[in-house]
Amino acid sequence: MRVTAIGAPRVLILDGSVDPDPVVVGGKAAGIARMISAGFPVPPAFAVSTAVCRDFLAGGDPVLDAVWAEIRAAMGHLEQQTGKEFGSADAPLLVSVRSGAATSMPGMMDTVLNLGLTPEIAEVLARTRGAEYARDTRSRFEKLFSEVVGGEVPADPWDQLRLAIAAVFRSWRSPRAVAYRRKHGLDDEAGTAVTVQTMVFGNADERSGTGVLFTRNPSTGEPEPFGEWLTRAQGEDVVSGARAPEPLDALARLLPDVHARLLDHARRLEQRNRDVQDVEFTVESGRLWLLQTRSAKRSPRGAVAFAAALAREGLISPAEAVSRVTADQVRALLAPGLDPGARAAAALVARGTPACPGVGAGVVVTDPDEAEARAADGAAVVLARRTTSPHDLHGMLAAAAIVTEVGGATSHAAVVSRELGVPCVVGCGEGTVTALDGGTVTVCGDTGDVLRGELPVHTVSEVDDEDLRLLTRWARAVAPLAAWRPDEAPAGAEIVHGLDVSSDSAVANALRDNVRAVVTDHPLPVLLAAIHARR
C-alpha cells in the first residue's frame with residue numbers, strides 16, 4: 001500500500017490502495033483506509049482533505065466550486081461499489097458526512113447522517129423496507145440537517161451534500177472545538193477533513209443496531225473487551241446518551257455469530273495498530289460493518305495500564321510505553337481517593353455507571369455556563385446534566401466531577417471525561433442528579449456513587465502499584481533527569497533537595513538549569529515530564 005504525503009489529492013477515494021496521511025485526510029479517514037486495505041468489512045468512503053478546509057475557511061464557496069468535480073467523481077466510486085445511485089429513487093445511495101481532524105476531537109465537530117433523502121426516496125423506502133424504517137430515517141436526517149446546516153432541506157441531494165460539507169468545515173471554528181483545541185494544545189490552523197461514507201442502517205429491523213467496542217476497558221484498564229450496543233439504532237443514539245445502551249452481551253444473545261466476528265476483528269485491529277482501539281460498528285439486518293477505528297481515549301488509570309500491558313505483551317517497546325503516558329495522567333492517578341470510613345458513613349444520593357475514575361467534590365450546578373463562572377471565582381463545582389453534548393464542553397472543563405442522568409459508558413460525557421481526566425458517573429436515572437442542584441456532593445468515578453457532602457480523602461503511592469513501578473523503572477532508563485523518593489536516593493549522588501518539580505514547567509526549568517537529580521515524593525511524574533520536555 002502506497003503512503004500519501006502532503007500535497008496529496010484534495011479528494012481521496014479510500015479504497016485501500018494508499019495509506020493516507022492523517023494530517024491530510026484526518027484520523028477517521030486514515031483508519032478507514034487501513035481497515036479496507038486489511039480486508040475488514042467497511043462501507044465505501046472518500047475524504048475531502050484538511051487543505052480544502054483551510055482554503056474554504058479563508059475563501060468560502062469558490063473553494064468548493066474548484067473541487068466539486070472531484071467530489072462528484074468520488075461519489076461515482078461509492079455508486080460503483082454499492083450498485084446504488086445518489087439521488088435515485090430506484091436504488092438510493094445515502095451517505096454520512098463526518099468531520100475528521102488529524103488528532104481525534106470526539107464530539108467537538110459536526111456530522112450529518114442519512115444524507116441524500118428526499119420525499120420521493122422516503123416513499124420508496126417505506127414501500128420496500130417498511131414504513132417505520134422510512135419514517136425514522138427521514139426524521140433523523142431532517143432533525144440533524146436542521147441542527148447542523150440550518151434552514152430547509154434542499155430538494156436536490158447534491159445541494160444537501162454541498163451544504164453539509166461546508167457546515168462540517170465551519171464546525172472547525174465552533175466555540176466548543178476552539179475550547180477543546182486550546183485545552184489540549186492542538187494546532188488551531190490545521191483544519192478538519194470531511195469523510196463521506198456510504199450509510200449502513202442500524203435502524204433497519206430487529207436484527208440491526210449499532211455500538212461502540214473498546215478492545216480493553218478504557219476506564220479501568222482491564223484487558224477484557226468493553227462496549228455497548230443498541231438495537232434498531234444509529235450511532236448518534238449511543239454517543240449522545242439519549243437512549244440507555246445495553247452491554248455487548250445483548251448483541252451476543254441476539255446475534256452470536258456477529259458478536260464473535262466483532263471480537264475477532266477488534267483483536268486484529270489492536271494488533272495491527274499496536275494500541276487499544278475504539279471501534280464504531282453497525283449491524284444491518286445481521287450483517288456487520290465497521291465504521292471507524294481509532295486509538296481509544298482513556299482515563300489516567302487506563303493510560304498507565306495500557307502502556308504497561310502492551311509493552312509486556314511485546315506490541316510496543318518499554319521506551320514507547322513511557323512515551324504514551326503523561327506526567328499529568330500519573331498525577332491524576334496519584335490524586336487522593338475517598339477515605340473508606342467516611343465513604344461507609346456517607347449518605348448515597350445517586351448511583352450510576354462509573355465512566356472515569358477519581359474523586360471530585362463540589363456544589364452541584366446544572367448549567368454549564370454557571371459551572372464555568374463559579375469555577376472562575378474559585379468554587380469547586382460538580383456539573384450535573386440529563387446528558388451532555390459538545391455544547392457543554394466549557395462547563396465540563398470547569399467541573400471537579402461530572403454526573404448525568406442518562407447515557408452509558410460510551411456516551412459523550414463518558415468519552416470526554418476520560419480524556420479530560422475528570423471523575424464521571426453516568427446513567428444515574430431520570431430526575432436524580434439534577435434534583436441535587438445547589439447541594440454539595442462527592443462523586444466517586446471508581447464505584448459510580450454520588451455521596452452527600454464533601455468527604456475526606458486519603459493519598460496513594462506509586463510504590464503500591466505494579467504498573468507504576470514498572471513504568472518508573474523504564475522511565476529511569478531514558479529520562480534526562482534522575483528522580484528518587486527520599487528513602488531510596490543513592491548515597492553520595494549529587495541530588496538537589498527541596499526543588500519544586502510539581503509541574504511540567506518546573507521540571508523543564510530544572511533541566512534548563514542543568515539539574516541532574518532530584519528528590520521527590522512521586523518520581524514518575526517528574527521522570528515523564530523530563531522525557532517529554534526533551535522531545
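Contact here means heavy atoms within 4.5 Å of each other, a cut-off worth having in mind as we walk through this predicted model.

Let's begin with a helix and two strands. Helix H15, made of residues 368–376, lies across strand E18 (359–365) and strand E19 (381–385). Relative to E19, helix H15 runs at about 180°.

Both of those strands belong to something you can trace across the model: an open sheet of eight strands with mixed pairing. Following the sheet from one edge to the other, you will meet E16, E23, E22, E18, E19, E20, E21 and finally E17. The edge strands are E16, covering 348–351, and E17, covering 353–356, and each of them pairs on one side only. As you step across the sheet, neighbouring strands are turned against each other by 30° on average, if direction is ignored.

Now look more closely at one edge. Strand E16 is joined by three bridges to strand E23 (residues 449–452), and the two run antiparallel. If you would like a residue pair to find on screen, try Leu348, whose bridge partner in E23 is Leu451.

Next, turn to the empty space inside. A search of the whole structure turns up one cavity of 30 Å³ or more. The largest cavity holds about 100 Å³ of space. Which strands each supply at least two residues of its lining? They are strand E7 (95–100) and strand E9 (193–198). The residues lining this cavity include Ser96, Arg98, Gln197 and Thr198, along with Leu113, Met199, Gln234 and Leu291. By character, the lining divides into four nonpolar residues, seven polar and one charged.

Notes:
Residues numbered from 1 in each chain as written. Predicted model: local features only at pLDDT ≥ 70, side-chain atom pairs only at ≥ 80, totals over all residues. Heavy atoms only, no water. Pairing = 2+ DSSP bridges. Helix = DSSP H or I, 4+ residues; strand = E, 2+ residues; numbered from the N terminus. Axes fitted to C-alpha atoms, helices over the stretch in contact; angles between N-to-C directions. 1 Å grid on protein atoms, 1.4 Å probe; cavity = no way out; pocket = protein on both sides within 12 Å on 5 of 7 lines; lining within 4 Å. Points joined across faces, edges and corners; volume = space filled by probe spheres on them. Nonpolar A, V, L, I, M, F, W, Y, C, P; charged D, E, K, R; others polar.
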